[in-house]
Each structure stands twice: as structure tokens, then as C-alpha cells.
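These entries record what I looked up, topic by topic. I began with the aromatic rings and then turned to charges and backbone angles.

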Amino acid sequence: MLPKHQILNPQRNLNLRGFSALFTATNPSASPDPSLISELPDIPSWVGKQNPGTQQSGEDDFVIPSLATWIQNHPKVGLFPTKTFETQVDKLTKILKTPYPSPEKVVQVLNASNLSVSHGLVEQLLKRFSNSWISAYGIFIWAKTQTGYRHAPESYNLMLDVLGKARLFDLMLDMVKEMKQLKGYISLDTMLKVMRRFAKARRFSEAIEVFRSVEEHGVEKDVMALNGLLDALVKGDSVEHAYEAFVELKEGIPLNSSSFNILVHGFCKARRLSDARKILNEMVEHGFQPCVVSYTCFIEAYCREKDFRNVDAVLDEMKEKGCRPKAVTYTIIMHARGKAGEVGKALEVYETMKNDGCLLDASFYSSLVFFLSKAGRLEYADEIFVDMVKQGVKPNALTYTTMISSACKHSLEEKALKLLKKMEEDSCKPDISTYAPLLKMCCRKKRMKVLNFLLSHMLNNDVSMDHSTYTILVRGLCNSGKIEQACAFFEEMVLKGMRPKDSICKMLVEKLEKEDMTEAKLKIQELVPNEKEPERTMSFSENAL
């Protein structure tokens with residue numbers, strides 16, 4: 001077991017050379033006063049005199065009267081009334097909302113907080129800061145050094161995924177090495193997380209190398225592990241690597257139908273339908289009959305091409321083989337028809353489902369709501385939303401997100417926020433895609449008080465702001481003339497180790513140039529240099545074994 005005080009080196013092989021200037025943009029030695037931290041980041045001092053076009057207006061503080069009580073009384077992660085009880089998680093969240101230059105600085109600040117640690121607290125904080133690796137890693141190290149505390153395997157897996165998401169692969173592999181020494185901490189889930197992160201970064205050979213080493217980490221090299229590898233490679237958009245691994249490994253591992261279906265899905269996704277058919281034939285040779293999953297992969301591929309004649313042909317083939325379509329099959333067809341503007345044909349699918357006695361589920365209703373909203377038939381979409389509950393189908397996060405997105409697209413602010421409130425009342429947890437259209441709408445309408453509320457609402461639901469969220473905020477605030485706030489989110493984004501898209505940098509620089517905000521323009525250009533350091537590649541076996 002590694003000593004509790006041992007800290008992995010976060011600076012090793014990181015592409016931080018270009019970010020040296022930003023570490024002096026704030027005063028990292030001064031701990032923030034938690035009572036002064038708001039959800040919206042403070043306007044950076046380097047932005048300079050406020051642009052007259054972005055001065056606070058009535059729109060900034062406006063809240064729809066029917067929602068004012070809910071928004072006003074909702075627990076705030078930032079500005080808590082003194083009489084409100086704060087949990088340990090809330091206190092630490094307020095401290096960590098200010099970006100720090102390094103995990104060591106986070107540890108220093110948390111040590112000064114004199115707060116206690118628990119497994120639940122660590123897991124919740126790692127989720128809240130899953131897109132801010134410096135904060136998350138600092139939390140992880142700080143907790144590990146607390147007397148009487150030892151990380152659970154689940155906390156290691158969460159931290160491992162955070163590092164992989166940030167593409168800090170050397171740190172990720174160091175953590176696997178540490179887990180191996182702890183004995184019993186590495187599970188199949190651990191190894192799958194590593195494989196997925198490598199595959200998503202298109203480092204396919206390293207993902208395969210991880211699979212080859214699973215037995216050395218105490219994990220059985222069985223069909224579940226193999227299918228996990230194949231799935232990771234397919235989702236990483238390399239069915240070629242998945243098939244090569246399949247050919248290499250299939251003789252030593254008993255396969256199941258899922259092994260073939262993953263490849264069928266991969267080839268269909270890559271529009272290589274003849275290769276998908278070959279896998280289907282090989283599946284039969286191995287004693288497995290194509291199932292609803294197999295055929296649905298082909299149906300989805302043809303739907304993507306709007307080739308509905310072949311969609312019908314596959315449906316006929318399924319029925320001839322005695323394979324009854326399920327809700328997911330019909331949902332894909334209906335969604336494609338609706339997306340193609342064929343509302344009548346989409347509704348015919350609904351009738352077919354009922355005639356076939358196929359049970360409708362939340363995904364089906366979500367798709368129905370989506371294309372009705374897209375076609376401008378909002379009243380029908382609302383009726384479907386109400387009817388699904390009457391039919392005993394509980395709306396899930398996807399259903400609510402679809403309804404919220406439609407309301408935001410049509411600038412129905414009250415409806416969108418009431419749906420979020422209803423979601424909360426139904427104990428249905430929103431995700432990042434739920435908040436995205438709401439944030440866009442608030443930026444467009446310049447509803448800064450509501451935007452502030454939504455950011456707090458996200459944290460209360462342990463939803464971490466990711467690269468896309470910051471992009472939405474910077475772009476939306478820029479377009480609304482809220483340049484100072486856009487700069488604040490831009491700086492926070494970079495301080496968290498996220499590299500903004502070139503188009504976002506260009507937009508912000510052009511806006512600042514137009515407003516003669518020279519100092520702010522130069523600072524934005526300093527924050528994100530043009531050059532990119534090449535990423536060093538290290539094999540899994542070289543580092544982690």
C-alpha cells in the first residue's frame with residue numbers, strides 16, 4: 001500500500017506550458033471568503049472599465065412572477081443566508097468554486113478549512129467537479145491524507161474517470177498502479193473505464209493493451225471484458241480495431257451473442273452494411289440466432305439514410321424469422337420518420353405498435369414529443385406528455401429534456417422553467433443536456449438572475465460544468481453583449497484546464513476589439529496560446545505494470 005501522504009505528480013507530462021501566464025491572473029495564495037462567492041464568476045480585474053452596453057438592465061434581474069418564490073427559496077450553493085444550514089458538501093463546494101492553479105493548492109486550502117471527510121462527501125464532490133480535474137484531484141489527495149480515512153474503490157474509479165476525461169493518461173495509469181498495490185481495488189469496471197477513455201481519445205492500441213493486461217490486475221479475461229473492449233472501440237469510432245481485436249481474441253474466449261451484435265452495430269454505424277451482414281452470418285455459424293438487437297442495428301442504419309424501403313424490408317425479415325420488434329425498434333423508425341418531416345408516417349408507426357401489442361415506454365414518448373415539437377405541433381406534444389402519465393409511463397430525464405428543449409427553442413421561458421420545477425418535484429434528476437437549452441435561453445434573453453439560479457441548481461444536482469457548458473455561456477453572453485461576464489466564464493474555463501475552441505477565442509477577441517477593450521483582448525490571447533504541445537504517448541504496460 002502506498003503511504004497516505006504520497007501524492008502523484010500532477011505536472012508530469014502535462015501540456016501546461018502555454019498556461020503559465022494564467023496562473024498569475026488571480027492571487028492563488030489568498031483563500032476565498034466562502035460567504036462572498038456567487039454562482040456567476042466575478043468579473044476579472046483585467047477586463048477593465050465596464051462596457052456601457054453590458055450595464056445591468058431590468059432584464060438581468062427579471063424573474064417570471066409565477067416562478068419567483070421557487071427561484072428565491074431554492075437552496076443556493078453560493079450566497080447562503082446566514083440562517084440556512086450548510087452541509088459539509090456545500091461548504092467545500094463554495095471553497096472550490098474558485099479555480100486554483102494546481103491540486104497542491106487545493107489541498108492547502110482544504111487543509112485550512114478544518115472540515116471532516118467521509119466517503120459520501122468525497123464521491124459527491126468528485127461528481128460535482130468531474131469536469132475540473134484540478135479541483136477533483138485536489139479533493140482526492142486531501143481526503144487521502146486525512147487521519148482515519150481511506151478511499152473506497154468507488155472513489156478511485158470516479159477519480160480515474162475524471163483523469164481519463166481530462167486526457168491525463170499518465171496520471172490515470174499511475175492511479176491504476178496505486179490501486180493494484182491496494183489489493184482488491186481493481187475491478188472489471190476499473191479496467192473498462194481505462195479502455196473507454198483511451199478509445200475515446202482514439203488511442204486504440206493502448207485500449208487493447210489494457211485488455212491484454214487485465215489478468216495481471218486480478219480481473220478475469222472473459223467475454224464480459226472482451227465485449228467491454230469491443231464496445232469501447234466501436235464507440236470510439238473504430239470498428240476496424242474492434243474487428244481486429246475480435247479476430248485475435250475470439251479463439252481463446254467463449255463468445256456470446258452480444259460479441260457479434262457489438263460488431264454489427266459498429267459496421268452499421270460506419271455504413272458498412274455488407275460487413276455487418278458478414279458478421280451476422282458468422283454469428284449464425286457460432287450457434288447464435290440474430291435477435292431484435294441485431295436487426296435494429298440495420299434498421300437504425302437505413303433510418304439514418306432515410307432509406308425507408310429497406311427499413312420495411314428488414315422489418316419483414318424480422319417477422320419471417322420469428323423475431324418480434326420491440327419498442328426501441330419502432331421508436332427509431334418513428335423518430336426518423338418524424339425527423340424527415342413525415343409526421344403522418346411517423347404516427348402510422350404508433351398505430352402499428354399498438355396493433356402489435358408493443359408496450360410503449362418513456363423513450364418512445366420522448367421521441368414522439370420531439371418530432372411533434374419539431375413540426376411546430378406544441379399542443380399535441382403537450383397532450384402526449386400528459387397522456388403518457390395517464391398510461392402509467394413515468395417521464396424520465398430524456399422526456400423532460402426534450403420538452404424543456406422544445407420550450408426553450410420557442411422562447412417559452414415560463415414553460416421551460418416550470419418543467420424543470422416539475423422534474424425536481426418528480427425526483428427526476430436532470431443532466432447536463434437538460435440545462436444546456438435553459439442556459440442558452442437565459443443568455444439570449446439576458447436573464448442573469450435566472451442564469452445564476454440555474455448554475456446553482458446544477459451544482460445542487462451534482463452536475464459538473466463541462467467544456468460544452470462553458471462554450472454555451474461564453475458564446476451566448478458574447479452575442480447578448482454581456483462581454484464582461486463572457487470573459488469571466490472564459491477565464492474560469494481555462495483555469496479549469498479546458499481549452500476553448502478557436503472559434504470562441506476569435507469571437508471574444510473580435511468583440512473586445514470592437515469595444516476598444518485592449519487590455520482584456522490581450523489577456524484572452526495570453527490565456528490560450530496558439531501553439532499546441534504534442535502529446536507524449538506511453539504504453540499501458542510500460543507505465544502501469
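**Entry 1. Aromatic rings**

I noted a cluster in which ring pairs join Tyr243, Phe246, Phe260, Phe267 and Phe288. The model I am reading is a predicted one. I searched the whole structure for aromatic pairs, and the count was 13.

I then looked up one pair, Phe140 with Tyr156. I recorded it as edge-to-face, because the ring centres are 5.0 Å apart and the planes stand at 80 degrees, the cut-off for that class being over 60. Phe140 belongs to helix H6 (residues 133–144) and Tyr156 to helix H7 (residues 153–165), so this pair links distant parts of the chain, 16 residues apart. I checked the burial of the two residues and found both Phe140 and Tyr156 buried.

Next I returned to the cluster, which includes Tyr243 and Phe267. These two residues form an edge-to-face aromatic pair, with 6.0 Å from centre to centre and 65 degrees between the planes. Tyr243 lies in helix H12 (residues 239–249) and Phe267 in helix H13 (residues 257–269); the pair links distant parts of the chain, 24 residues apart. I asked whether each partner is buried or exposed. Tyr243 is partly exposed, its relative accessible area being 30%. Phe267 counts as buried, because its relative accessibility is 3% and the limit for burial is under 20%.

**Entry 2. Tyr100**

I located Tyr100 in the loop between helix H3 (88–96) and helix H4 (103–111). With a relative accessibility of 3%, Tyr100 counts as buried. I also looked up its distance to Ser135: the C-alpha atoms are 7.3 Å apart in space, while the two residues are 35 residues apart in sequence.

**Entry 3. Salt bridges**

I counted the salt bridges next and obtained 27. Side chains of opposite charge can pair when their charged atoms come close. I chose three bridges to read in detail.

In the bridge between Arg128 and Asp462, the closest N and O atoms are 2.7 Å apart. This pair links distant parts of the chain, 334 residues apart: Arg128 is in helix H5 (residues 119–128), and Asp462 is in the loop between H24 and helix H25 (467–479). I found both Arg128 and Asp462 buried.

Arg203 forms a salt bridge with Glu206, and the closest N and O atoms there are 2.9 Å apart. I recorded Arg203 as buried at 10% relative accessibility. Glu206 counts as buried as well, at 9%.

The bridge of Lys418 with Glu414 has its closest N and O atoms 3.2 Å apart. Why are Lys418 and Glu414 separated by about one helical turn? I traced this to their places in helix H22, because they are four residues apart there. Lys418 counts as partly exposed at 39% relative accessibility, and Glu414 is partly exposed with a relative accessible area of 32%. I then followed the salt bridges that share partners: Asp90, Arg128, Lys429 and Asp462 are joined by them into one network.

**Entry 4. Positive patch**

I looked for surface charge and noted a patch of positive charge made by Lys306, Lys339, Lys374 and Lys409. I took Lys374 from this group and placed it in helix H19 (residues 362–374). Lys374 has a relative accessible area of 45%, so I recorded it as partly exposed.

**Entry 5. Positive phi**

Most residues other than glycine have a negative phi. I therefore noted residues with a positive value as I came to them, each entry resting on its own angle.

Ser411, a residue other than glycine, has a positive phi near 60 degrees. I placed Ser411 in the loop between helix H21 (397–409) and helix H22 (413–425). Its relative accessibility is 34%, so Ser411 counts as partly exposed.

Lys446 is not a glycine, yet its phi is positive, at about 60 degrees. I found Lys446 in the loop between helix H23 (432–445) and helix H24 (448–460). Lys446 is partly exposed, with 27% relative accessible area.

Methods. Residues are numbered from 1 along each chain as its sequence is written. This is a predicted model: local features need pLDDT of at least 70, side-chain atom pairs count only at pLDDT 80 or more; totals for chains, interfaces and linings use all residues. Side-chain values use heavy atoms; hydrogens and water are left out. Patches are made of residues with over 30% relative accessible area and no salt bridge: like charges are joined within 9 Å, nonpolar side chains (Val, Leu, Ile, Met, Phe, Trp, Tyr) within 5 Å. Accessible areas come from the Shrake-Rupley method with a 1.4 Å probe; for residues, only the protein chains shown count as cover. A salt bridge is a side-chain nitrogen of Lys or Arg within 4 Å of a carboxyl oxygen of Asp or Glu. Lys and Arg count as positive and Asp and Glu as negative; His and the chain ends are not counted. The place of a charge is taken as NZ of Lys, CZ of Arg, CG of Asp or CD of Glu. Helices (H or I, at least four residues) and strands (E, at least two) are DSSP runs, numbered from the N terminus. Buried means under 20% relative accessible area, exposed over 50%, partly exposed in between (1.4 Å probe, protein chains only). Rings of Phe, Tyr and Trp (its six-membered ring) pair if their centres lie within 6.5 Å; planes under 30 degrees apart count as stacked, over 60 as edge-to-face and the rest as tilted.
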